[in-house]
Amino acid sequence: MIKQIEQCRIVPVAAVDTLENGLKLCESLSEAGLPVIEITFRTAIAAELIAAASREFPEMAIGAGTVLNSDDLQKAVDGGAQFAVAPGTNPTVLEKALSYEGFEFYPGVCSPSDIELAYSLGAKTLKFFPAEAAGGVKMLKSLCGPYGHLGIKFCPTGGINATNMTDYLAIKDVIAIGGSWMVSKDLFGDWDKLKSITRDAVAIAQMKEAS
Ligand code: 3PG
């Protein structure tokens, strides 16, 4: 498991429009004590930003998100990403991702069949997505029942925020939660506010750690 994700237990999911905003976002997250970012392939600059952020913020765990095909996966790896995430389980992408030594890939799942497919292909850490819409904490606890003993871990994402994150973090097989609330594009430019929301999220996760 990537050390920054293990420590902070939060993966900020960002869709960034410009390189400038992306680098400022990385700086702000790092300064706010959350040296992790999932840069989604939902904007044209994703690959370029992954490469630039990997160079400029070596203290951060830089990852790629919304990785839907092998081309984007390759761009992420070439750019220096340490991990990647996808909303679903695409066997072609998953097998290629697992072939890179030291690289982590979290395919998306939201049903027992998804979990069995991802696990059979070698994935051990899965993104439970879309967490809230797919049944939330109750659904995830039910899914942990038959699969927990396999060592499968989850990163629930989708509809998670400062209010409900601790409910997910309390589940034994949850390593981290993903969310976009602290890196919403509405906050770009208001970097102090973004940092403050991020610090709050980090503090909530740490409190959960201590309880
Ligand atoms: C996503 O892929 O959109 C992430 O799961 C983020 O979801 P959120 O915006 O509900 O946090």
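# A quick tour: one ligand, three residues and a helix

Threonine 89 is a good place to start: look for it in the loop that runs between strand E4 (83–85) and helix H5 (91–98). Keep in mind that this is a predicted model. From that loop we'll move on to the ligand, then to helix H3, and finish at glutamate 27 in helix H2.

**Threonine 89 in its loop**

- With a relative accessibility of 19%, threonine 89 counts as buried, because the cut-off for that label is under 20%.
- Its side chain gets to within 2.8 Å of a backbone atom further along the chain, namely the oxygen of glycine 108.
- Setting aside residues up to four places away in sequence, threonine 89 touches Leu94, Pro107, Gly108, Val109, Asp114, Leu117 and Ala118.
- Glycine 108 therefore turns up twice here, as a residue that threonine 89 touches and as the owner of that backbone oxygen.**The ligand and its surroundings**

- The ligand sits in the largest pocket.
- Around the ligand you'll find Val13, Arg42, Lys127, Phe129, Thr157, Gly158, Gly159, Gly179 and Ser180.
- Lysine 127 has a polar side-chain atom 3.4 Å from an oxygen atom of the ligand.
- Glycine 159 uses its backbone instead: a polar atom there is 2.7 Å from a ligand oxygen.
- For serine 180, a polar side-chain atom lies 2.5 Å from an oxygen atom of the ligand.
- How much of the ligand does the protein bury? Taken alone, the ligand exposes 310 Å², and the protein buries 77% of that.

**Helix H3 and serine 54**

- Helix H3 covers residues 46–56, and its buried residues are Ala46, Leu49, Ile50, Ala51, Ala52, Ala53 and Ser54.
- What covers those buried residues includes two helices, H2 (19–31) and H4 (70–78), along with strands E2 (36–40) and E3 (61–65).
- Serine 54, which lies in helix H3, counts as buried because its relative accessibility is 19%.
- Leaving out neighbours within four places in sequence, serine 54 is in contact with Ile62, Gly79, Gly80 and Ala81.

**Glutamate 27 in helix H2**

- Glutamate 27 belongs to helix H2, one of the elements that cover the buried residues of H3.
- Is glutamate 27 buried or partly exposed? Its relative accessibility is 29%, so it counts as partly exposed.
- The side chains of glutamate 27 and lysine 24 are joined by a polar contact of 2.9 Å.
- Glutamate 27 and methionine 60 are 33 residues apart in sequence, and their C-alpha atoms are 9.4 Å apart in space.

How values were computed:
Residues are numbered from 1 along each chain as its sequence is written. This is a predicted model: local features need pLDDT of at least 70, side-chain atom pairs count only at pLDDT 80 or more; totals for chains, interfaces and linings use all residues. Side-chain values use heavy atoms; hydrogens and water are left out. Helices (H or I, at least four residues) and strands (E, at least two) are DSSP runs, numbered from the N terminus. Buried means under 20% relative accessible area, exposed over 50%, partly exposed in between (1.4 Å probe, protein chains only). A polar contact is a pair of N or O atoms within 3.5 Å; within protein, one must be able to donate a hydrogen and the other to accept it, and residues adjacent in sequence count only if both atoms are side-chain atoms. Contact means heavy atoms within 4.5 Å. A residue is near a molecule or strand if one of its heavy atoms lies within 4 Å of it. Accessible areas come from the Shrake-Rupley method with a 1.4 Å probe; for residues, only the protein chains shown count as cover. On a 1 Å grid over the protein atoms alone, a cavity is a set of points where a 1.4 Å probe fits but cannot get out, and a pocket is an open set with protein on both sides within 12 Å along at least five of seven lines; lining residues have an atom within 4 Å of a point. A molecule sits in a cavity or pocket if more than half of its atoms lie within 2 Å of its grid points.
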